Amino acid sequence: MAASEESLRKALAEKLSAVEAHGNTVRALKAAKASKPEIDAAIEALNNLKLEKSSIEKQLQAAVGVGDGDGVLSRETFRQAAVNTLERRLFYIPSFKIYRGVAGLYDYGPPGCAVKSNVLAFWRQHFVLEENMLEVDCPCVTPEVVLKASGHVEKFTDLMVKDEKTGTCYRADHLLKDFCNEKLQKDLTISAEKAAELKHVLATLDDLSPEALGSKIKEYGITAPDTKNPLSDPYPFNLMFQTSIGPSGLSPGYMRPETAQGIFVNFKDLYYYNGNKLPFAAAQIGQAFRNEISPRQGLLRVREFTLAEIEHFVDPEDKSHPKYSEVADLEFLMFPRDEQMSGQSAKKICLGDAVSKGIVNNETLGYFIGRVFLFLTRLGIDKDRLRFRQHLANEMAHYAADCWDAEIEGSYGWIECVGIADRSAYDLCAHSEKSGVPLVAAEKFSEPREVEKLVIAPVKKELGLAFKGNQKNVVEALEAMDEKEALEMKASLESKGEVEFYVCTLGENVPIKKNMVSISKEKKKEHQRVFTPSVIEPSFGIGRIIYCLFEHSFYTRPSKAGDEQLNVFRFPPLVAPIKCTVFPLVQNQQYEDVAKVISKSLTAAGISHKIDITGTSIGKRYARTDELGVPFAVTVDSTEDVTIRERDSKLQVRVSVEEAAAVVKSVTDGQRTWEDVWEKFPHHSSGSADD
């Protein structure tokens, strides 16, 4: 087992001290004009210590994923190889490239569009169809009033710092994150204690207040990356693109920063469409826009991107899920809040245990965490580089019951790709209050129930005389009291005749007298219970998932001659941009005719494919398609039967021309595996196949 990073840092620190001490010894011997054999022995011992130090450095580089020594490919080198291949093969490229591009905007090329289309098709199948969700499609332009109600106009911000001399803007938490990562990965001399401190900062980065973030930036001496000038204190910057609706400019709006609000404002109609029944889920795929402070990291942080969001509406008193048992036995990496705060790492936890122990708040939230895990791993995300991290206290909104992020590890570290949150009833309540339209559900009772209801009746005449223009604020505050607060006020009024009452919309306490409000409990018969549903929201950043999939699928392997490294994307057939290629082995009319017959069969079967009838060697054609992640290649070398080659193993089988399309379709559709095909059909070997 490889030594831990912590023990390697301690060993390196000890070895550095030993090298320094031995260097001093050699210098002392030379100064004292010691004998040559004695000096030579000391120099040899010093050289041995330096070799040992170098060995520990290489091990530490491997532990933190940097350096190219001993076959360890650095994250930067790996990323550059992957991105170069992605851009050269037109998976994606910077937008408006001939005009030098715009940061944070990218175009998907043909293979990138195909991968994205396949990911979204599987998302619809895995979630929308499987769960009978209601799919909607809402406008990107959103009136200001909607986003004021949701809190985006006031609070949708990131913390920004400015270069105090040039005015260039940077995102504050990114500067701190980059500093910590650079120290951990490239400064091998820092102590184990300092490394632990930097890791704790990274783990709790989202929990830092503006003051704490500014303090850390000053403590570590972080300056503007481009100029090394000092930075301002962090301050909030709203990330929404503002616009106006119509030519008058009197109707302000924004490009939506998320797709969820379109679902919330349509809740009443969707609830009716669903037969006035809960639970139900609505889903939407669409573009969202965020005016990022300093976009970077390719597809991971962009200004326009595709979101796929689900809003699952549920009774707040019953968050069980009928299909929860289907995912309860799943075990995967989870990173609960307590482990983060104590500096521990993510660990494998059984989902059922996490829910039963209260680590995950409820069954429905747990069910969607399990379904997200299955979705990502079936796409091709490595399950050992996927974790579910619970939000820290400062990350969560005050109304949220629990929030988890699906984070995927890549060359940029751990990247949040899916958020799964129990948002309680906040969104529907906010839009109900702002619009005046009740966004509620009802549970009808089989028999009427006698219930004791709290009745708060403000005496508007008395309140008007006392508070004049502020009467409305006081009335609304009194009516909004919960039962405990109201009964405490009732008791105080009966005993003292007057009580101090805080009105949040006025921001001050006001005196309430006994004649200003009546508080009582009355027994009533009810035929139904009316309530505001809670919502569990899984939100998927499709571009981030696709980029992580690109990295998890990319690898290189030597050519047969061993003189070059060939690039390969190991996409599962589910998401591969092209499922199959068809090659005539040589330029021959008969072979080309057979290739066209197979192509026609593949088209009829709905299999995306490509014919390559160029005169290039078969090995180079295989290499070209491997670089696009094509899982299967059909090579026509006779008029009776053909070979089918699997991309990663490079193994080949022989099948008849008539069977070729059906075999490819069965594997790409998941009806059988390549192992099944390998067992059933004759094997084919060719010395020149991958030459």
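Two residues are in contact when heavy atoms of theirs lie within 4.5 Å. Welcome to this predicted model, a protein of 691 residues. Among its contacts between residues at least 6 apart in sequence, 67% join residues at least 24 apart. The points below start with the whole protein and then visit a few places in it.

**The whole protein**

- The protein contains 23 helices and 29 strands.
- Taken along the principal axes, the box filled by its C-alpha atoms is roughly 95 × 90 × 55 Å.
- Of the 691 residues, 47% are buried.
- About 34200 Å² of the protein is exposed, and 51% of that area comes from carbon and sulfur atoms.
- There are 87 positive and 101 negative charges, and the mean positions of these two groups are 3 Å apart.

**A sheet of three strands and its helix**

- Let us begin with an open sheet, where three strands follow the order β6-β5-β7 and the pairing is antiparallel.
- At the edges are β6 (169–171) and β7 (235–238), each of which pairs on one side only.
- On average, neighbouring strands of this sheet are turned by 55° against each other, direction ignored.
- Strand β5 (residues 157–162) runs antiparallel to β6, and three bridges join the two.
- If you would like to find this pairing by residue, look for lysine 162, whose bridge partner in β6 is cysteine 169.
- Helix α7 (residues 172–186) packs on the sheet, where it touches β5 and β6. The direction of α7 makes about 65° with that of β6.
- As a general point, strands of a sheet pair through backbone hydrogen bonds, and they can do so parallel or antiparallel.

**A buried strand, β24**

- Strand β24 covers residues 580–584, and because five of its five residues are buried, the strand is largely enclosed by the rest of the structure.
- In a regular strand, side chains alternate between the two faces of the sheet.
- In β24, Cys580, Val582 and Pro584 point one way, while Thr581 and Phe583 point the other way. All of these residues are buried.
- Three bridges connect β24 with strand β25 (residues 609–611), and the two strands run parallel.
- Valine 582 has isoleucine 611 of β25 standing opposite.

**Glutamate 339**

- Helix α12 (residues 337–341) is the home of glutamate 339.
- Is this residue, glutamate 339, buried or exposed? Its relative accessibility is 12%, and buried means under 20%, so glutamate 339 counts as buried.
- Setting aside neighbours within four places in sequence, glutamate 339 is in contact with Gln344, Ser345 and Lys347.
- Tyrosine 367 is 28 residues from glutamate 339 in sequence, and their C-alpha atoms are 22 Å apart in space.

**Alanine 203**

- Alanine 203 belongs to helix α8 (residues 192–203).
- With a relative accessible area of 23%, alanine 203 is partly exposed, because that class runs between the 20% and 50% limits.
- Which residues does alanine 203 touch, not counting those up to four places away in sequence? They are Gln340 and Leu392.
- Alanine 203 and glycine 343 are 140 residues apart along the chain, yet their C-alpha atoms are separated by 7.6 Å.

Conventions:
Residues are numbered from 1 along each chain as its sequence is written. This is a predicted model: local features need pLDDT of at least 70, side-chain atom pairs count only at pLDDT 80 or more; totals for chains, interfaces and linings use all residues. Side-chain values use heavy atoms; hydrogens and water are left out. Helices (H or I, at least four residues) and strands (E, at least two) are DSSP runs, numbered from the N terminus. Buried means under 20% relative accessible area, exposed over 50%, partly exposed in between (1.4 Å probe, protein chains only). Accessible areas come from the Shrake-Rupley method with a 1.4 Å probe; for residues, only the protein chains shown count as cover. Lys and Arg count as positive and Asp and Glu as negative; His and the chain ends are not counted. The place of a charge is taken as NZ of Lys, CZ of Arg, CG of Asp or CD of Glu. Two strands pair if DSSP finds at least two bridges between them. Axes are lines fitted to C-alpha atoms, for helices over the stretch in contact, and angles run from 0 to 180 degrees between N-to-C directions.
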